[in-house]
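Student: I have a structure open and many terms to sort out. Can we go through them one by one?

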Amino acid sequence: MSSLTATNKGAATREAILEQAYSIACSAGLEGLSIGPLAAAVGMSKSGVFAHFGSREDLQLAVLDKASERFIGYVLLPALKCPRGLQRLRGIVEAWFDWSRHTDGGCVLLAAVNEYDDRPGSLRDSVVDQQKRWHQELGRAVQLAIDTGELESDTDTAQLAFEIYGLALVVHHDAGLFGFDAALVRGLRAYERLIRSYAAAPVPA
């Protein structure tokens with residue numbers, strides 16, 4: 001077997017392990033990951049899993065990164081094709097609300113916040129870093145809507161990003177308890193009301 005073939009096979013095996021681990025984490029959280037059951041689920045030995053991830057924490061960090069990649073790919077990247085301003089911001093929000101329908105039992109990212117908000121270590125550091133970067137992306141989208149003149153020039157980007165985040169959380173919460181469709185309608189209604197409160201006043205003719 002050539003070194004390239006071996007490398008490709010190793011990468012494919014690692015990805016298969018990650019996919020299974022991600023699926024488990026969606027319903028059980030990162031703390032629900034255990035090497036033994038994971039190895040059995042992918043038809044490998046524990047040592048085989050450890051050959052790709054040196055520790056349980058390394059595996060958890062890799063799953064957290066995968067969750068972030070999926071989230072960005074689903075929520076942010078498609079919205080970047082929209083024109084800058086409120087159209088792009090709404091694209092982000094709509095995709096973010098819709099994300100709650102595609103998390104296979106739960107959002108790994110939100111679960112990780114609850115799991116590690118008060119537990120110092122590498123996992124908490126990674127969660128904090130991811131959340132900061134997402135707040136910054138939201139703030140950047142808000143700033144673009146200010147630059148286009150659609151939002152008031154004195155809009156606090158961090159505050160509006162915070163408020164939008166709150167809407168996404170309640171949509172995610174209610175979607176699981178009461179159904180996605182009802183949560184989406186209320187979420188979008190609340191978002192429109194929020195944006196109106198920040199909208200720039202029409203320029204007098």
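Tutor: Here are short questions and answers on the terms used for this model.

Tutor: This is a predicted model, in which local features need pLDDT of at least 70 and side-chain atom pairs count only at pLDDT 80 or more, while totals for chains, interfaces and linings use all residues. Residues are numbered from 1 along each chain as its sequence is written, and side-chain values use heavy atoms, with hydrogens and water left out.

Student: What makes a stretch a helix, and how many are there in the protein?

Tutor: Helices are DSSP runs of H or I with at least four residues, strands are E runs of at least two, and both are numbered from the N terminus. The protein has 9 helices and 0 strands. Along the sequence the pattern reads α-α-α-α-α-α-α-α-α.

Student: What box do the C-alpha atoms fill?

Tutor: Roughly 75 × 40 × 30 Å, taken along the principal axes.

Student: Why is Tyr22 called buried?

Tutor: Buried means under 20% relative accessible area, exposed means over 50%, and partly exposed lies in between (1.4 Å probe, protein chains only). Tyr22 has 3% relative accessibility, so Tyr22 counts as buried. Its place is in helix α1.

Student: What about Gly32: why is Gly32 called partly exposed?

Tutor: Gly32 has 32% relative accessibility, so Gly32 counts as partly exposed. Gly32 sits in the loop between α1 and α2.

Student: Why does Asp98 count as buried?

Tutor: Asp98 has 16% relative accessibility, so the label is buried. Asp98 belongs to helix α5. That helix is mostly covered, with 11 of its 14 residues buried. Among them are Leu86, Ile92, Trp96 and Asp98. Over the protein, buried residues make up 39% of the 205 residues.

Student: What does Asp98 touch?

Tutor: Contact means heavy atoms within 4.5 Å. Not counting residues up to four places away in sequence, Asp98 touches Tyr74 and Phe180. With its neighbours within four places left aside, Tyr22 is in contact with Val63, Lys66, Ala67, Arg70, Trp99 and Val108.

Student: How do you know that contacts join residues far along the sequence?

Tutor: Take the contacts between residues at least 6 apart in sequence: 70% of them join residues at least 24 apart.

Student: How do you know that the span of helix α4 agrees with the expected one?

Tutor: The expected span is 1.5 Å times one less than the number of residues. Helix α4 (residues 56–79) has 24 residues, so it should span 34 Å, and its end C-alpha atoms are 34 Å apart, which agrees. For α7, 26 residues should span 38 Å, and the end C-alpha atoms are 37 Å apart, so that agrees too.

Student: Where does α4 bend?

Tutor: At Gly73, by about 40 degrees. The bend at a residue is the angle between axes fitted to the seven residues ending there and the seven starting there.

Student: What makes a set of residues a nonpolar core?

Tutor: A nonpolar core is a set of buried Ala, Val, Leu, Ile, Met, Phe, Trp, Tyr and Cys residues joined through side-chain atoms within 4.5 Å. The largest one here has 59 residues, and those with the most contacts inside it include Val63, Trp96 and Trp134. The largest share of this core, 9 residues, comes from α4.

Student: Which residues is Trp96 in contact with?

Tutor: Leaving aside neighbours within four places in sequence, Trp96 is in contact with Phe71, Val75, Trp134, Leu138, Ile164, Tyr165 and Ala168.

Student: How do α5 and α7 pack?

Tutor: Axes are lines fitted to C-alpha atoms, for helices over the stretch in contact, and angles run from 0 to 180 degrees between N-to-C directions. Helix α5 (residues 86–99) and helix α7 (residues 122–147) pack at about 145 degrees, with axes 7 Å apart. Leu86, Arg88, Leu89, Ile92 and Trp96 in α5 meet α7 residues that include Trp134 and Leu138. By class, this contact has 10 nonpolar, no polar and 1 charged residues.

Student: What counts as nonpolar, polar or charged?

Tutor: Ala, Val, Leu, Ile, Met, Phe, Trp, Tyr, Cys and Pro count as nonpolar, Asp, Glu, Lys and Arg as charged, and the others, Gly among them, as polar.
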